[in-house]
Number of protein chains: 2
Amino acid sequence: MRSKITLKDLAKLLNVSVSTVSKSLNGSPEISENTVKRVKELAELHNYSPNLTAVNLKRKSTGNIAVIVPNISNTFFAKVLGGIENEARKNGYQLITYITNESLTVEKQIMELISNGLADGVLMSVSAETQKSKNYEHIYRFTEYEIPVVLFDRINVDLSLDKVGVDDMQSIYNAVQYLKSKGLSKIGLVCSIGDLGLAQARIDGYKAAMSEPSIAFPEEFLIVSNDPENLKKQLSLVLENNVMEAFVTLDYLSTLLTSRVVQEKALNIPKDIKIIGYVNEDFAPFLWPSISYIDQHPLNIGETATKLLVKRIKEPQPKETVEKVLKTEIIHLDSTLL
Amino acid sequence: MRSKITLKDLAKLLNVSVSTVSKSLNGSPEISENTVKRVKELAELHNYSPNLTAVNLKRKSTGNIAVIVPNISNTFFAKVLGGIENEARKNGYQLITYITNESLTVEKQIMELISNGLADGVLMSVSAETQKSKNYEHIYRFTEYEIPVVLFDRINVDLSLDKVGVDDMQSIYNAVQYLKSKGLSKIGLVCSIGDLGLAQARIDGYKAAMSEPSIAFPEEFLIVSNDPENLKKQLSLVLENNVMEAFVTLDYLSTLLTSRVVQEKALNIPKDIKIIGYVNEDFAPFLWPSISYIDQHPLNIGETATKLLVKRIKEPQPKETVEKVLKTEIIHLDSTLL
DNA sequence: CTGAAAGCGCTTACAG
DNA sequence: CTGAAAGCGCTTACAG
C-alpha cells in the first residue's frame, strides 16, 4: 500500500503543529475558524483520511464487530448478515466475519483470535457441534475479557448472555394449530437439524399442539435425522403406512426433501398434502409448488442483535442479560392452498 | 473490553526490558535460551497475546482483506466466501466483508472506507449497477493507493485488474452442445441477470452454439428480463407458440422459475423439457424434479482468488495482470435424464 | 546477550 | 488560540 498523507505531513505543509491539525479536523472548538478552514481545505485537497489503525490504538478500540455464523449453506444466515451489515455500517463499525462450519474446534480457534483484541464485540450463532457437546467455556472467555457478546438465532442454549431470536416453539405451535384449524390431523414433522436447541424447541411446539386436546399421535410422525437418505426412507415409510395430510418441516433441507418425496409418491401438494416449512422469500415463491413458510425476518434479527451489541459496547454494562424474542409469521403460498 | 496484559507489564514482572520480551516472544536468535524460556512461561501463564492494532500500526499493514460481494440472495457468493475464508485464515488474514446489494453508490462508499487503510487487499465482485453504468473510477482509486485488487466471478468487465472466474461463454456453449448432441434443437435461454457482463458472455455462448452449423433460431427463444413476472410471461408465450425441448437458464431465479412455469403448463421435466441451469449442490438434488446444473466450483473460485491476492500483497508487484479462468462442469440430475 | 531509543499515526491533557 | 509532550502497544536498528 502506498503511504498516505499523514497529520504530520499536513502540519508541515501548513506550518502548524500536529495537535492543531488534529483538533481542526476533529471539530475541536479550541481552534480559530480561520485555521480550521485552512486545515480542512488542505486535507480535502490531499484527500486526507486518518489512519484507522492509529486511531484505534489510541482509543483502545478496534472499530470491529466480529460475526460468527455456523454455516452458509442456505441463505438464512446470509440474510441475517445483511441485517447486521446495515446496522453496523450505520454505527461506523466494520464487520469481521467467520464461518465455523458447525465445528466446535473452529469456533474455539476463532474465539482465540478475537480475544486477541480484534473486535469490540461479538455476534454469534453457536455451532451444532458446540450445542451437542455443551462445551461453552470458550464463549465465556469473552465475558472474562469483557468483550460483549450477543447470541442470535440459536438462542436455545444454556448460556446467560444477551440473545436475539424468535420463539421457535410458538412458531411451530402456531403452524400446527393452523393446520388443525383447517380440519387436518395427520400432521408429520420432518427435521434434519436435530442437534440444535432450536429444533428441540420446535419439536416441543409440535408436540404441544398435536397433543391438544390430549390426543396421542404416532411416534413415526416425528421424522428426525441428520442424514438426508435416512430422512427420505422414514418419510416414504410414513407416507406408505398412513394417509398423511400435512407436514411441518423444520429446515431448508427437510422442506425441499419433503416436497420432493411427496411428489415422487405421486401425491399432490396441496390437494393431498399441505406443507409449512422453513425456506425464505427468495426461493419459496419460485418452487413448484411454492412452499408456505415461516418467515423469521432474518434481516430484523440481524439488525436487532447488532443494535443491542452496539449499545453494550458503548454503554457501561448494566450486566443484566436481555433476551429479545421477535415475531414470526406464516406466509401462505401454494402448499397450504385449501 | 478489559485491558489485557501488555509487553510492558511482562517486562516489569520479569525485570527485563520491553525489547527483550518482544524479541523472546518473536523467536529472535539474539536472546539467550534461558531468558526466552522465562519470558515464554510468564506469557503463557498470563495468556499474553500481542495487541494486533499496535502490531499493525508498526508494520504499516492491517492484516485484513476486504471482501466485497454484490448480494447474498443465493448461496453462490456465500460459497465463494467460504473458500475465501479458508484461504485467508490459512494465511493469517482477517476478512472484512461488505455487501453492496448491487448498488454503485454503496460500492463507492465502501471504497472510501477501505482506502482509509482498513485492508491490505481487496477481493471484489462488481455490482450490477456498476457494470450497467460502466463507472469504474472508484475501483481504480485502489490502484492509485497501491492496494491490490482481485476481481472474482464477475470478470467480464473492462478493467485491467487481476481476475479469477470461470469461462462463462464456454460453459453455456458446452451445455447447449450437450443438449444438441442428444438430438434436441428447440432450446431456449432464460436469464434474469442481463445487466451482468457474465450474462452477456453466457448469451454469446448460447448464440454461438445455436448458430452452428449456421442455423438461425427464433429471437423469442432468448428470454431475458430482470422482472420475474415479465420472465414468466415470455416463458409462457414461448411454450405456447413452440414445442420447446430444452432450456438453459442462467441464474438461480430463472432456473427455479423455468422449472415452475414448465410444470404449471403440465409439461414433464425431463420427458418433454430438459433443463440445465445455475443452482448449486445444496439445492439442486432436493428439488422436484432435481435440476441439472453447471457447477462453477465456487469454493475453488474463492480460494484461488485469495491465493492470488495474498501473493500480490506479499510480493513486490510484477504489475502484469493475471486472469485465471477455472473449469466448470455439468452435473446431471433428473432434468437431463434421457 | 540485553536495553535505551526512536517511531508507526494518532489524540488529548496541559502549559503558555 | 496554539503547541510541546506523553502515550496507545508494539518492533527494530543501534549501542554497549
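1. A polar contact is a pair of N or O atoms within 3.5 Å. A base nitrogen of DNA strand C and a polar backbone atom of A54(A) are 3.4 Å apart, so this pair falls within that cut-off. The model under review is a predicted one, and the distances in the points below should be read accordingly.

2. The annotated domain. The UniProt record, an unreviewed entry, lists "domain: HTH lacI-type" for residues 5-59 of chain A. In the model this span is 67% helix and 0% strand, and its end C-alpha atoms lie 21 Å apart.

3. The surroundings of DNA strand C. There are 27 residues around DNA strand C, and those that come nearest are L7(A), S22(A), K23(B), K58(B) and K60(B). Of the strand C atoms that come within 4 Å of the protein, sugar and phosphate account for 60%. By class, the surface near DNA strand C has 9 nonpolar, 11 polar and 7 charged residues.

4. Elements facing DNA strand C. From chain A, α1 (7-14), α2 (18-25) and α4 (52-59) each supply at least two residues of the surface near this strand, as do α2 (18-25) and α4 (52-59) of chain B. The largest share, 4 residues, comes from α2(A).

5. Individual contacts with DNA strand C. An N or O atom in the side chain of K23(A) is 3.2 Å from a base nitrogen of this strand. The backbone is involved at N51(A), where an N or O atom lies 3.0 Å from a phosphate oxygen of DNA strand C. The contact of A54(A) described in point 1 also uses the backbone, but is made to a base nitrogen.

6. The surroundings of DNA strand D. Of the 27 residues around DNA strand D, K23(A), K58(A), K60(A), S22(B) and Y48(B) come nearest. Sugar and phosphate make up 60% of the atoms of DNA strand D that come within 4 Å of the protein. The residues of this surface divide into 9 nonpolar, 11 polar and 7 charged.

7. Individual contacts with DNA strand D. Two of the pairs involve phosphate oxygens: a polar side-chain atom of K60(A) lies 2.5 Å from one, and a polar backbone atom of S32(A) is 3.3 Å from one. In chain B, an N or O atom in the side chain of K58(B) is 3.3 Å from a base oxygen of DNA strand D. The elements that give two or more residues to the surface near this strand are α2 and α4 of chain A, together with α1 (7-14), α2 and α4 of chain B. Here α2(B) gives the most, with 4 residues.

8. Extent of the interface between the protein chains. The contact takes 63 residues from chain A and 62 residues from chain B. About 5600 Å² is buried between the two chains, and carbon and sulfur atoms give 61% of that area.

9. Polar features of this interface. The count between chain B and chain A is 2 salt bridges. R260(B) forms a salt bridge with D334(A), with the closest N and O atoms 3.0 Å apart. Across the interface there are 11 residue pairs in polar contact.

10. The chain B side of the interface. The elements that each supply at least two residues to the side touching chain A are α4, α5 (75-90), β2 (94-99), α6 (104-115), α8 (137-144) and α12 (252-264) of chain B. Among them, α12(B) gives the most, with 7 residues. By class, this side has 29 nonpolar, 19 polar and 14 charged residues.

Methods: Residues numbered from 1 in each chain as written. Chains lettered and ligands numbered in written order. Predicted model: local features only at pLDDT ≥ 70, side-chain atom pairs only at ≥ 80, totals over all residues. Heavy atoms only, no water. UniProt positions renumbered as here; feature names shortened; annotations may be inferred. Near = heavy atom within 4 Å. Polar contact = N/O pair within 3.5 Å; in protein donor to acceptor, adjacent residues only side chain to side chain. Nonpolar A, V, L, I, M, F, W, Y, C, P; charged D, E, K, R; others polar. Contact = heavy atoms within 4.5 Å. Buried area = accessible area lost by both parts, 1.4 Å probe. Salt bridge = Lys/Arg side-chain N within 4 Å of Asp/Glu carboxyl O.
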